[in-house]
Amino acid sequence: MFLTFEGIEGTGKSTQIALLKEHLEARGLRVLVTMEPGGSRIGAELRRVLLSLENRDITPQAELFLYLADRAQHVAQVVRPALLAGMVVLSDRFADSTVAYQAYGRGMDPEELHRLNTLAVGGLWPDLTILLDISPEEGLARAVDRNRREGKTVAEGRFEAESLAFHARVRQGYRTWAVRFPERMRVVPATGTPEDIARDVIALVDALAAAKDRHA
């Protein structure tokens, strides 16, 4: 299974991935946790460029193609090999982030970006995408506090420095895309406790696994 987690800043994606990993491993499954940007060796270099607050002058077009390059490398070197090896892959962000951030956030054409994403992923789409949904005000406050505690305000704070209006557009983009692809994307409110949210996430993943077993 290939499972991805999406959402604006501060939705708790990494926490939910860790809890899901624990659940899946308890069932005897082998799990790979990865992320975008930065899931591959080359991607780690691109992540430093893309997220650094020092690079606020990057153009939207350059930003887009760096994300697509990261994704192409990530799929080829990390995601696809792990899936072929029989592992469950959990990715913190994937192609939907580009549509939400660069199309709805930056004002690019979402359909064109979807076509570019299709090229970058080589036809590999997630079995399930969990969209953790929260208000921009709460999510941004969480993210800024997290970066401050972890000392990443400069190194990984470029998107946290964007306006509240930008994050509102990104959130709306995610929600629009979830309506566009209901067979793959599921919206999970991210306002409860981590344990409550995890129960919702695990229920969706277990249902998917059961459906796959029935059709195996």
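The following exchange goes through several labels assigned to residues in this predicted model.

User: Why is Arg 184 called buried?

Analyst: Its relative accessibility is 7%, and because the label buried applies under 20%, Arg 184 counts as buried. Arg 184 is found in the loop between helix 7 (164–180) and strand 5 (185–189).

User: What makes the link between the side chains of Arg 184 and Asp 96 a polar contact?

Analyst: The two side chains are joined at 2.8 Å, and since a polar contact requires a pair of N or O atoms within 3.5 Å, the value of 2.8 Å meets that cut-off.

User: Why is the pair of Tyr 101 and Tyr 174 called edge-to-face?

Analyst: The ring centres of Tyr 101 and Tyr 174 are 6.3 Å apart, with 80 degrees between the planes; because pairing needs centres within 6.5 Å and edge-to-face needs planes over 60 degrees apart, the pair is edge-to-face. Tyr 101 lies in helix 4 (residues 95–105) and Tyr 174 in helix 7, so the pair ties together parts that are 73 residues apart in sequence.

User: How do you know whether Tyr 104 is buried, exposed or partly exposed?

Analyst: Tyr 104 has a relative accessible area of 24%, and because partly exposed covers values between the 20% and 50% limits, Tyr 104 is partly exposed. Trp 177, by contrast, is buried at 4%.

User: What makes Arg 180 count as a charge over the ring of Trp 177?

Analyst: The charged end of Arg 180 sits over that ring, 5.1 Å from its centre, which satisfies the distance limit of 6 Å.

Note on methods: Residues numbered from 1 in each chain as written. Predicted model: local features only at pLDDT ≥ 70, side-chain atom pairs only at ≥ 80, totals over all residues. Heavy atoms only, no water. Helix = DSSP H or I, 4+ residues; strand = E, 2+ residues; numbered from the N terminus. Buried < 20%, exposed > 50% of the residue type's maximum accessible area, 1.4 Å probe, protein only. Polar contact = N/O pair within 3.5 Å; in protein donor to acceptor, adjacent residues only side chain to side chain. Phe/Tyr/Trp six-rings, centres within 6.5 Å; stacked < 30°, edge-to-face > 60°. Lys NZ or Arg CZ within 6 Å of the ring centre and 35° of its normal.
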